[in-house]
Structures are given as structure tokens and as C-alpha cells.
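Let's take a friendly walk through this fold, starting with the sheet and ending with its charged side chains. Keep the viewer open as you read.

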Amino acid sequence: MKHNTIKMDIRGQICPSCLLLALKEVNANIEAIKRGESEIRILSDDRHATATIPDAIMKMGISTSVEKTDEGFEIRIFDEG
């Protein structure tokens with residue numbers, strides 16, 4: 001099965017803009033994410049996004065992880081299946 005990674009660089013954006021951008025992308029790809037065919041990796045430098053995005057996404061039944069990187073934070077949105 002082919003796996004698609006959608007990368008978003010939203011550094012410089014602050015919440016709620018971060019959350020809205022993430023939700024727009026998730027909603028556009030939700031079926032592929034739930035089938036395990038796609039995941040989204042978001043690069044953000046807004047600490048609030050590391051809480052607001054995972055909270056909203058987990059309520060949709062989709063998994064998330066947050067990792068600190070040299071560029072900020074990487075928020076991964078995926079389905080564990």
C-alpha cells in the first residue's frame with residue numbers, strides 16, 4: 001500500500017490560525033488518513049499548537065504525536081489502524 005505524507009510548514013502562524021489550517025487539511029484528507037494511506041506532518045513554532053491541534057484531532061478519532069525539533073515542533077497526524 002502506498003503511503004502519502006502531507007507536509008505543512010506553518011511556522012510564523014499562531015493559534016487559532018494553526019488549528020484552523022490543520023483542521024482544513026485533515027478534513028480534506030480524513031478518509032485516506034483513517035484508511036492508513038496518508039498522514040500529515042505539521043511543522044510549527046507555536047507552542048499552543050502542540051496542545052490545540054492534538055486535542056481537536058484526537059476528538060475525531062485520529063492519533064497524533066508531538067516531537068520537539070530544531071525548527072520548532074512536529075505534529076504528526078495519523079491513524080494507528
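Before anything else, one cut-off is worth having to hand: a residue is called buried when its relative accessible area is under 20%, exposed when over 50%, and partly exposed in between. Arg35, with a relative accessible area of 48%, is therefore partly exposed. Please keep in mind throughout that this is a predicted model.

**The sheet and its helices**

At the centre of our tour is an open sheet of 4 strands, arranged in the order β1-β2-β4-β3, and its pairing is mixed. The edge strands are β1 (4-9) and β3 (63-69), each of which pairs on one side only. On average, neighbouring strands of this sheet are turned by 20° against each other, direction ignored.

In general, strands of a sheet pair through backbone hydrogen bonds, in either a parallel or an antiparallel sense. Here, β1 and β2 (residues 38-44) pair in the parallel sense, over 6 bridges. If you would like a place to begin looking, find Asn4, which stands opposite Ser38 in β2.

Which strands does helix α1 lie across? Helix α1, residues 17-34, lies across β1, β2 and β4 (72-78), and it runs at about 165° to β2. Helix α2, residues 49-59, also packs on the sheet, where it touches β2, β3 and β4. The direction of α2 makes about 5° with that of β4.

**A buried serine**

Now turn to Ser44, which is found in strand β2. Is Ser44 buried or exposed? With a relative accessible area of 0%, Ser44 falls under the 20% cut-off and so counts as buried. A polar atom of the Ser44 side chain lies 3.1 Å from the backbone nitrogen of Asp46. Leaving aside neighbours within four places in sequence, Ser44 is in contact with Ile10, Arg11, Cys18, Ala49, Gly72 and Phe73.

**Charged pairs**

How many salt bridges does the structure hold? There are 5 salt bridges, and the table shows three of them, with the distance between the N and O atoms.

| Acidic residue | Basic residue | N to O distance |
|---|---|---|
| Glu37 | Arg35 | 3.0 Å |
| Glu39 | Arg76 | 2.9 Å |
| Glu74 | Arg41 | 2.8 Å |

Let's begin with the pair of Glu37 and Arg35. Glu37 has a relative accessibility of 26% and so counts as partly exposed, while Arg35 is partly exposed at 48%.

The salt bridge between Glu39 and Arg76 links distant parts of the chain: Glu39 sits in strand β2 and Arg76 in strand β4, 37 residues apart. Glu39 counts as buried, because its relative accessibility is 4%. Its partner Arg76 is partly exposed, with a relative accessible area of 24%.

What about Glu74 and Arg41, whose side chains meet in a salt bridge? Glu74 lies in strand β4 and Arg41 in strand β2, so this pair ties together parts that are 33 residues apart in sequence. Glu74 is partly exposed, with a relative accessible area of 23%, and Arg41 is partly exposed at 25%.

Finally, Glu39, Arg41, Glu74 and Arg76 are linked in a network of salt bridges. To find this network in the viewer, look along strand β2 for Glu39 and Arg41, then along strand β4 for Arg76 and Glu74.

How values were computed:
Residues are numbered from 1 along each chain as its sequence is written. This is a predicted model: local features need pLDDT of at least 70, side-chain atom pairs count only at pLDDT 80 or more; totals for chains, interfaces and linings use all residues. Side-chain values use heavy atoms; hydrogens and water are left out. Two strands pair if DSSP finds at least two bridges between them. Helices (H or I, at least four residues) and strands (E, at least two) are DSSP runs, numbered from the N terminus. Axes are lines fitted to C-alpha atoms, for helices over the stretch in contact, and angles run from 0 to 180 degrees between N-to-C directions. Contact means heavy atoms within 4.5 Å. Buried means under 20% relative accessible area, exposed over 50%, partly exposed in between (1.4 Å probe, protein chains only). A polar contact is a pair of N or O atoms within 3.5 Å; within protein, one must be able to donate a hydrogen and the other to accept it, and residues adjacent in sequence count only if both atoms are side-chain atoms. A salt bridge is a side-chain nitrogen of Lys or Arg within 4 Å of a carboxyl oxygen of Asp or Glu.
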